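Work through the exercises below with the sequence and the coordinates at hand. Each task is followed by a stepwise solution.

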Amino acid sequence: MRLKPLIYTAVLSLLFAGCAPRYGANIQVDTSGSGIGQVLEERMEEETKVKEVSEAEVHSTALASTSYDLVDVDLTGLSSTMVYAEVYNIVMNPDEYMGKVICMDGMYTEFYNEALDVWYFSCIIQDALACCAQGIEFVLTEDYIYPENYPTEGDYIIVTGIFDRYEENGFPYYTLREAVLSEA
Amino acid sequence: MEQLILYLRYPFVRYAMIVGVLIALCSSLLGVTLVLRRFSFIGDGLSHVAFGATAIASVMNLMEKTILVLPVTVISAVLLLRSGEHRKVKGDALIAMISVGALAFGYLLMNLFSTSSNLSGDVCSTLFGSTSILTLTTSEVWLCVVLSAIVLCAEVLLYNKIFAVTFDEEFAKAVGTDTGKYNLIIAVMIAVIIVLAMNLVGSLLISALVIFPALSAMRIFKSYRKVMIFSSVFSVCVAVIGMVISILAGTPVGSTIVAADVIGYGCCWLYAEVRSR
């Protein structure tokens, strides 16, 4: 029974990698009341169309009032094979990493869940064969306004946040809370 | 070097090293027997059978796929290694038939009844190993250690009998050796190694672990014992080198090990050529 939530987490990660749609002109925001949804709702209410976001804006670290001096798990210096294996380990054994500050780099991807009307953001890394992917969802701090300060899907990002757990529809999911983007 | 020491602090890297060494050791020992008996391609055929069984296990949503994969591979190995004098389909043709049949049915089943959101990823990692060796659970590591220990014990304890059956089965039979029993033991050991090695290099590359160490050793040494010893040392060294390169450089584990095997064979061939002149 314990494996079930882990499987859902893994499946969600893979869905991010393979099925995430690109956002177009009609971006919708979360109104479900979850953490990311509330932040996005506040920031997006006045937005009527998608703005072009420059590279400088996307990777700006000046936005973040939060910073992490001590990182418990730093994946940025590891080889791609090691990063893939370590992220797999995190996804399969989340309790061991709860509350730790994790820094990782990879491909930015976002996923919109129409049923829940929620946007999810994640950092995806691929294995050496480029056929499998592992990812960790993150929630940026309120300093980041969507979509201006968010990366473009497919961008290389470095994200740091606190590994945490949340529930949605009765299922546990794992995310990097209070996350900030760093210069690539 | 510092990077390697850092990586070795990760438990999954240490597990990978332990399992990789054990698989390389077992496969090289049996590889000598298989190459001498002209069964080099059997590893490839059985690995495809294991792929087919893995596909069925995936479709059935089995968490421990080994429960299904191991028995199916053992049965196939027994069928393939059984004395084939009275069979209508013989030797290489039978291996080819079972090999492609299992591969095709495996992929077909995964396509038709897949419960995964990443079918191509599943197929790819099963065929080429991907980073499976770095994502082993503790129970999988223990299973590998126990099965490897059994195979190694059998190989050491039955060394003389396996030697006799390998070189001249008819003579061994004539002097009262139960060749059928020892063929069965060899078949079971091959199947076990194939199933274990799928984690290391994937089902398409398993043959390399069986063939290259034995052929490399045969280039340099002529006695059975020396070939066995050199083959084991060669296989373990190459597997460790391949894994280290793969981890440091971020290359696919299986293909890096096999590439190291090919280069190692090239070095042995060169050494043998230089020595003979």
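**Exercise 1. Contacts and burial in chain A**

Find what share of the contacts in chain A with a separation of 6 or more comes from residues 24 or more positions apart.

Solution. Contact means heavy atoms within 4.5 Å. By this criterion, residues 24 or more positions apart account for 69% of the chain A contacts with a separation of 6 or more. The model is predicted, with local features requiring pLDDT of at least 70 and side-chain atom pairs pLDDT 80 or more, while totals for chains, interfaces and linings use all residues. Residues are numbered from 1 along each chain as written, chains are lettered from A and ligands numbered from 1 in the order written, and side-chain values use heavy atoms, without hydrogens and water.

Next, take burial: buried means under 20% relative accessible area, exposed over 50%, and partly exposed in between (1.4 Å probe, protein chains only). Of the 184 residues of chain A, 51% are buried.

**Exercise 2. The strands around β2(A)**

List the elements of chain A, then determine which strands pair with β2(A) and in which sense.

Solution. Step 1: helices (H or I, at least four residues) and strands (E, at least two) are DSSP runs numbered from the N terminus. Chain A has four helices and six strands, in the order α-α-α-β-α-β-β-β-β-β.

Step 2: two strands pair if DSSP finds at least two bridges between them. Strand β1 (residues 73-74) of chain A runs parallel to β2(A), with two bridges; A:Val73 has A:Ile102 as its bridge partner in β2(A). Helix α4 (residues 80-92) of chain A carries the chain from β1(A) to β2(A) in a right-handed β-α-β crossover (clockwise from the first strand over the helix to the second, with the strands pointing away from the viewer).

Step 3: strand β5 (residues 156-168) of chain A is antiparallel to β2(A) over seven bridges, and A:Asp105 is bridged to A:Ile158 in β5(A). Strand β3 (residues 118-126) of chain A also pairs with β2(A) in the antiparallel sense over seven bridges; there A:Tyr108 stands opposite A:Cys123. The hairpin of β2(A) and β3(A) has four residues between the strands, and A:Asp117 in it takes a positive phi near 55°.

Step 4: in β2(A) (residues 101-113), twelve of the 13 residues are buried.

**Exercise 3. A residue of helix α4(A)**

Is A:Val83 buried or exposed, and which residues does A:Val83 touch?

Solution. A:Val83 lies in helix α4 of chain A. Its relative accessible area is 4%, so A:Val83 is buried. Leaving out residues up to four places away in sequence, A:Val83 touches A:Leu75, A:Leu78 and A:Ile125. The C-alpha atoms of A:Val83 and A:Gly106 are 9.5 Å apart, with these positions 23 residues apart along the chain counted as their separation.

**Exercise 4. The surface of chain B**

Describe chain B and locate B:Phe113.

Solution. Chain B contains 13 helices and zero strands, and 52% of its 277 residues are buried. Accessible areas come from the Shrake-Rupley method with a 1.4 Å probe, and for residues only the protein chains shown count as cover. Chain B exposes about 12900 Å², of which carbon and sulfur atoms supply 70%; for chain A the values are about 8600 Å² and 49%.

B:Phe113 belongs to helix α5 (residues 91-113) of chain B. Because its relative accessibility is 47%, B:Phe113 counts as partly exposed.
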